[in-house]
Amino acid sequence: MTTSSSERGVSLGMPQLPAPAYPDEVRARLETDAREVIARYPDSRSALLPLLHLVQSEEGHVTRTGMQFCADVLGLTTAEVTAVATFYSMYRRRPSGDYQVGVCTNTLCAVMGGDAIFEELQEHLGVGNGETTEDGKVTLEHIECNAACDFAPVVMVNWEFFDNQDPQSAKRLVDDLRAGRPVSPTRGAPLCTFKETARILAGFPDEREGAVEATGSAGPASLTGLKLAKGEAAPARVVHPRGEAPTDTPPHEPSPTEHLSSHDAPQDTSASDPEHPAGPVAEEGE
């Protein structure tokens with residue numbers, strides 16, 4: 001007697017076809033929303049990204065049913081939709097928590113403590129990267145960059161910033177999320193659930209009181225380039241050649257927005273050392 005692969009618990013990797021349909025009332029509501037999204041674009045195919053956020057707001061992740069829905073309303077194949085849904089990390093492909101807690105483990109955040117935060121949260125929550133707590137509240141993941149290096153190490157919850165974290169503050173944060181206690185981001189809009197975030201990313205208005213007015217700015221170091229571009233020059237500095245002490249100018253204390261580097265004074269390199277001239281050693285054409 002032989003047993004099938006399914007009886008042996010072996011998956012051959014074949015999808016279940018067709019995808020289960022949304023209930024009629026859910027599909028009707030999503031079709032209304034989808035028409036509004038599609039109308040924003042001259043080519044309906046361009047609406048695929050926001051529509052994936054839309055179906056993600058329904059179930060908390062992009063299901064096969066959601067991808068089939070996107071394919072149906074846009075006239076695409078499920079393969080075309082799947083190719084996009086599996087490319088971008090913001091689209092979850094399995095059930096996830098109400099709060100996506102992302103810990104930056106890229107270079108700056110890592111050396112400032114991001115790696116320690118991530119390791120302690122894994123142990124504290126009892127989950128690994130990309131896994132969700134048993135209560136369905138928190139999904140933990142490491143993120144390559146939160147684009148907030150001025151405030152490293154940074155943790156994000158549903159894409160809202162929690163700056164200057166350490167292992168203890170991060171553990172308090174996830175405990176508050178799981179207990180349903182109020183949590184406020186360091187800057188930016190008030191926190192909402194992942195499903196609510198997905199609907200906002202689909203392009204629908206954030207109707208929460210004060211959410212639109214709330215904003216978060218970059219730190220001083222990030223804004224220096226912008227200020228210079230607007231003509232807001234940084235205070236002038238007098239830099240003396242290496243080894244030459246100033247005579248009548250008091251020492252300059254750099255402001256928080258200034259970044260001293262090895263290029264702030266002449267160096268004994270091939271470009272500035274007469275005994276080691278720079279430049280081509282042969283005439284052009286030789």
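Counting rings of Phe, Tyr and Trp (its six-membered ring) as a pair if their centres lie within 6.5 Å, we arrive at 3 aromatic pairs in this chain. One of them joins Tyr 22 and Phe 69: the ring centres are 6.0 Å apart and the planes meet at 70 degrees, so the pair is edge-to-face. That label applies to planes over 60 degrees apart, while planes under 30 degrees apart count as stacked and the rest as tilted. Tyr 22 sits in the segment before helix H1 (24-38) and Phe 69 in helix H3, so this pair ties together parts that lie 47 residues apart in sequence. Both partners are hidden from solvent by the following rule: buried means under 20% relative accessible area, exposed means over 50%, and partly exposed lies in between (1.4 Å probe, protein chains only). Tyr 22 is buried at 8%, and Phe 69 is buried at 1%.

Further along the chain, Tyr 88 and Tyr 91 make another edge-to-face pair, with 6.3 Å from centre to centre and 85 degrees between the planes. Here the two partners fall into separate classes: Tyr 88 is partly exposed at 38% relative accessibility, whereas Tyr 91 is buried at 5%. Together with Phe 87, these two tyrosines form one aromatic cluster.

Before going on, a word about what you are looking at. This is a predicted model, in which local features need pLDDT of at least 70 and side-chain atom pairs count only at pLDDT 80 or more, while totals for chains, interfaces and linings use all residues. Residues are numbered from 1 along each chain as its sequence is written, and side-chain values use heavy atoms, with hydrogens and water left out.

Now step back to the whole chain. It holds 8 helices and 5 strands; these are DSSP runs numbered from the N terminus, with helices (H or I) of at least four residues and strands (E) of at least two. Read from the N terminus, the order of elements is α-α-α-α-β-α-β-β-β-β-α-α-α. Of the 286 residues, 34% count as buried. Taking contact to mean heavy atoms within 4.5 Å, residues 24 or more positions apart account for 64% of the contacts with a separation of 6 or more.

Phe 69 leads us to the packing of two helices. H2 (residues 48-59) and H3 (residues 64-74) pack at an angle of about 140 degrees, and their axes are 9 Å apart. Such axes are lines fitted to C-alpha atoms, for helices over the stretch in contact, and the angles run from 0 to 180 degrees between N-to-C directions. H2 and H3 are therefore oblique to each other: angles under 35 degrees count as roughly parallel, over 145 as roughly antiparallel, 65 to 115 as roughly perpendicular, and the rest as oblique. From H2, Leu 48, Leu 51, Leu 52 and Val 55 meet Gly 66, Phe 69, Cys 70, Val 73 and Leu 74 of H3. This contact has 8 nonpolar residues, 1 polar and no charged. In that scheme Ala, Val, Leu, Ile, Met, Phe, Trp, Tyr, Cys and Pro are nonpolar, Asp, Glu, Lys and Arg are charged, and the others, Gly among them, are polar.

A second helix pair is worth a visit. H5 (residues 107-125) and H6 (residues 167-179) pack at about 40 degrees, with axes 9 Å apart, and are therefore oblique to each other. On the H5 side the contact includes Ala 116, Ile 117, Glu 120 and Leu 121, and on the H6 side Pro 167, Gln 168, Ala 170 and Lys 171 are among the residues involved. By class, the contact has 7 nonpolar, 2 polar and 4 charged residues. Leaving out residues up to four places away in sequence, Glu 120 touches Pro 167, Gln 168 and Lys 171, and Lys 171 in turn touches Glu 120, Leu 121 and His 124. Glu 120 is partly exposed at 32%, whereas Lys 171 counts as buried at 17%.

Finally, take a look at the backbone in two loops. In the loop between strand S3 (138-143) and strand S4 (155-157) you will find Pro 153, joined to Ala 152 by a cis peptide bond with omega of about -5 degrees. Ala 147 lies in the loop between S3 and S4 too; its phi is near 55 degrees, a positive value in a residue other than glycine. Trp 159, in the loop between S4 and strand S5 (160-162), also has a positive phi, about 75 degrees, although it is not a glycine. Ala 147 is exposed at 66%, and Trp 159 is partly exposed at 27%.
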